[in-house]
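Q: Could you take a close look at one helix for me, and then walk me through what surrounds it? I would enjoy one connected account.

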Amino acid sequence: MKTAILPFNSFDDNTLWNNLKEGDEKSFSMLFERYYADLVRYGNSLSSYEEKVQDCVQDVFTDIWVYRSSLQGSVVVKAYLLSSVRKRIARLFERDHIFRKTTSTDSIAFLLEFSVEHELIDDDYATKEKVVHLNKLLNELPSRQKEALYLRYHQGLTVEQIAEMLDVNYQSASNLLHRGLLNLRKEWKGAFSLFLLLSSSSF
């Protein structure tokens, strides 16, 4: 009886990660193809210099390949990549004196605009009016709250992973999410679940 061979693109992140640690170029390429566009989009949320963002993302993958033998074996790949891009952009800002010689990432402004998909909701004018209002509320949130919500509901990261990415403790990350949702609930009068709308947002 022949053993079924799984399509390569069906491998999960951990399998690809461990394969690339062993020097498998195809696994490395698959992770690159799987996450490059998403990482560039996230990077563009932190910097308006698109070409530099692309360079940062490529540098992250280059480092992963060059130092693959020393990579941790147990990581959440998506969170690791997002965090690496954020740190790389922070170093870019520091080098360009945008942070005035500080290594903190606190000053990074989250630039992406929320845009809840209209197609996921009833196609009537009143509903679209509410969606426009929700988008406005989301984009008026403080930058850190908006980024935390993006990482939680769009990227699917845990509170622990968000805390690590933003270089804060668990309680601070939880507070950012709580305050962001609280600010939305104060003004949101729609009949639709905020959690459903946030998880279906495109940025």
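A: Happily, and let's begin with what packs against the helix, keeping in mind that this is a predicted model. The cover over the buried residues of α2 includes α1 (13-21), α3 (50-66), α4, α6 (143-154) and α7. Beneath that cover, the buried residues of α2 are S27, F28, M30, L31, Y35, Y36, L39, V40, Y42 and G43. As background, an α-helix has 3.6 residues a turn, so residues three or four places apart point the same way.

Now for the course of the helix. A kink of about 45 degrees occurs in α2, with Y35 at its centre, and Y35 is also among the buried residues. What about the length? Helix α2 (residues 25-44) has 20 residues, so at 1.5 Å a residue it should span 28 Å, and the 27 Å between its end C-alpha atoms agrees with that.

Two of the covering helices, α4 and α7, lead us on to the largest pocket. Both α4 (77-95) and α7 (159-166) supply at least two residues each to its lining, and α4 gives the largest share, five residues. The pocket holds about 220 Å³ of space. Its lining consists of Q72, S74, V75, V76, A79, Y80, S83, S84, K87, Q161, E164 and M165, which divide into five nonpolar, five polar and two charged residues.

One last stop follows α7: D167 sits in the loop between α7 and α8 (170-187). Although D167 is not a glycine, its phi is positive, about 60 degrees. D167 counts as exposed because its relative accessibility is 64%, and exposed means over 50%.

Methods. Residues numbered from 1 in each chain as written. Predicted model: local features only at pLDDT ≥ 70, side-chain atom pairs only at ≥ 80, totals over all residues. Heavy atoms only, no water. 1 Å grid on protein atoms, 1.4 Å probe; cavity = no way out; pocket = protein on both sides within 12 Å on 5 of 7 lines; lining within 4 Å. Points joined across faces, edges and corners; volume = space filled by probe spheres on them. Helix = DSSP H or I, 4+ residues; strand = E, 2+ residues; numbered from the N terminus. Nonpolar A, V, L, I, M, F, W, Y, C, P; charged D, E, K, R; others polar. Expected span 1.5 Å × (residues − 1). Bend = angle between axes of the 7 residues up to and from the residue. Buried < 20%, exposed > 50% of the residue type's maximum accessible area, 1.4 Å probe, protein only. Contact = heavy atoms within 4.5 Å.
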